[in-house]
Amino acid sequence: MLPLFKTHYSVGKSLLTLSPPQTEDGSQSSVSVFDICSKNGLDTLTLVEDSLIGFLEAQKQSEALGIQLVFGLRMTLCSDMNITPSKTDPLSDHKIILFAKNGEGCILLNKIYSHAETRGNGRIDSEGLKSFYDKDCLVIAIPFYDSFLFNNAFVYDSACLLDHSLFSPVFFLEDNLLPFDHVQREMVNSYSSSYGFETIESKSIYYENRADFEAYQTYKCICSRTPGRSKTLDMPNLDHCGSPEFCFESYLDHESA
């Protein structure tokens, strides 16, 4: 199973940071992904972030600790990035992950991210993606949640399409004990099998232990700005946040099972 870490640089999504490993005096109040790597002997760190803001810090810390960094940029794929989000159909938007395979891939990630931020309100369409894509430098992955398959099945009136005529995506599979996980897994397996695409068992990790779940919910309540949906711990109104399994403790349990 592949652990997919996310940090505070994806605002509102994770309690984990990119700080150096905890010092002996335990003065750091937050948990770093490098703490987890150090304590558990991980020699590879796979990061999936919603921006490139933390990339240089992640690269610097990884090199200092002798950890291989695999960086993925999670982006919104839309039908037409030239149309502003307020004038297009957001129900056609879905998420993809772009992984850099090498140094050239990192350069392409920066170009794609800059293109999306300056011309597409943080989104990119298939034509824009094709203009940068290089199979020798990038791998395109489909996340288990918020993908075109997930949205079409669980988001009312969603009509997402994935044009994979240029690339062969990798599909992530997860099981976080949410009630719809088994349905989503069946859809992903069926779709990927039909087209001969690879699937990878994975675990999204936003905090270290299950005991951190309440703190995670609190953080998301504070960061969330959904109009008309006031949030409390008694009624957090957080979509797909009904399981404490998005943690490294759960990953370890799966690995030992």
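**View 1. Glu208 and Lys39 share a salt bridge in this predicted model.** Let's start with Glu208, which is buried, with a relative accessible area of 14%. That value puts Glu208 in the buried class because the class covers anything under 20%. Its partner in the salt bridge is Lys39, and the N to O separation of the two side chains is 2.7 Å. Glu208 sits in the loop between strand E8 (199-205) and helix H7 (213-223), while Lys39 belongs to helix H1 (residues 33-40), so the contact ties together parts that are 169 residues apart in sequence. Lys39 is exposed, with a relative accessible area of 57%. The pair therefore joins a buried acid to an exposed lysine. By the rule used here, the model has eleven salt bridges, and the next three views show others.

**View 2. Asp146 and Arg74 form a salt bridge.** How far apart are the closest N and O atoms of this pair? They are 2.8 Å apart. The salt bridge links distant parts of the chain: Asp146 is in the loop between strand E6 (138-142) and helix H5 (148-154), Arg74 is in strand E3, and the two are 72 residues apart. Is Arg74 buried or exposed? Arg74 is buried, with a relative accessible area of 13%. Asp146, at 29% relative accessibility, counts as partly exposed.

**View 3. Asp146 and Arg74 belong to a network of salt bridges.** Widen the view from the pair above, and the linked residues are Lys6, Lys13, Asp50, Arg74 and Asp146. One of them, Lys13, is found in the loop between strand E1 (2-5) and H1. Lys13 is partly exposed, with a relative accessible area of 27%. While you are at Lys13, look for Lys220 too: the two lysines are 207 residues apart in sequence, yet their C-alpha atoms are 6.9 Å apart in space.

**View 4. Arg210 and Glu249 meet in a salt bridge.** The N to O distance between these side chains is 3.5 Å. Arg210 lies in the loop between E8 and H7 and Glu249 in helix H8 (residues 248-256), so the contact ties together parts that are 39 residues apart in sequence. What class of accessibility does Arg210 have? At 25% relative accessibility, Arg210 counts as partly exposed. Glu249 counts as partly exposed as well, at 29%.

**View 5. Asn121 and Asp146 have positive phi values.** Most residues other than glycine have a negative phi. Asn121 has a phi near 55°, a positive value in a residue other than glycine. Where does Asn121 lie? Asn121 is in the loop between helix H3 (103-119) and strand E5 (123-125), and at 52% relative accessibility it counts as exposed. For Asp146, phi is about 65°, again positive although the residue is not a glycine. You have met Asp146 already, in the loop between E6 and H5 and in its salt bridge with Arg74.

**View 6. The second largest pocket is lined by 13 residues.** About 210 Å³ of space lies in this pocket. Which residues lie nearest its centre? They are Gln59, Leu69, Val70, Phe71 and Cys106. Helix H2 (55-65) and strand E3 (68-78) are the elements that give two or more residues to the lining. For anyone thinking about the chemistry of the lining, the make-up by class is seven nonpolar, four polar and two charged residues.

**View 7. Phe154, Val155 and Val183 make a nonpolar surface patch.** The patch has an area of about 190 Å². Val183, one of its members, has its place in helix H6 (residues 181-195). At 32% relative accessibility, Val183 counts as partly exposed. Val183 can take part in the patch because the residues used for patches need over 30% relative accessible area.

**View 8. Cys247 and Phe5 come together from distant points of the sequence.** They are 242 residues apart along the chain, and their C-alpha atoms are separated by 9.2 Å. Cys247 has its place in the loop between H7 and H8. How accessible is Cys247? Cys247 counts as buried, at 0% relative accessibility.

Methods. Residues numbered from 1 in each chain as written. Predicted model: local features only at pLDDT ≥ 70, side-chain atom pairs only at ≥ 80, totals over all residues. Heavy atoms only, no water. 1 Å grid on protein atoms, 1.4 Å probe; cavity = no way out; pocket = protein on both sides within 12 Å on 5 of 7 lines; lining within 4 Å. Points joined across faces, edges and corners; volume = space filled by probe spheres on them. Helix = DSSP H or I, 4+ residues; strand = E, 2+ residues; numbered from the N terminus. Nonpolar A, V, L, I, M, F, W, Y, C, P; charged D, E, K, R; others polar. Patch = residues over 30% accessible without salt bridge, like charges linked within 9 Å, V, L, I, M, F, W, Y side chains within 5 Å. Areas by Shrake-Rupley, 256 points an atom, 1.4 Å probe, with all protein chains shown as cover. Salt bridge = Lys/Arg side-chain N within 4 Å of Asp/Glu carboxyl O. Buried < 20%, exposed > 50% of the residue type's maximum accessible area, 1.4 Å probe, protein only.
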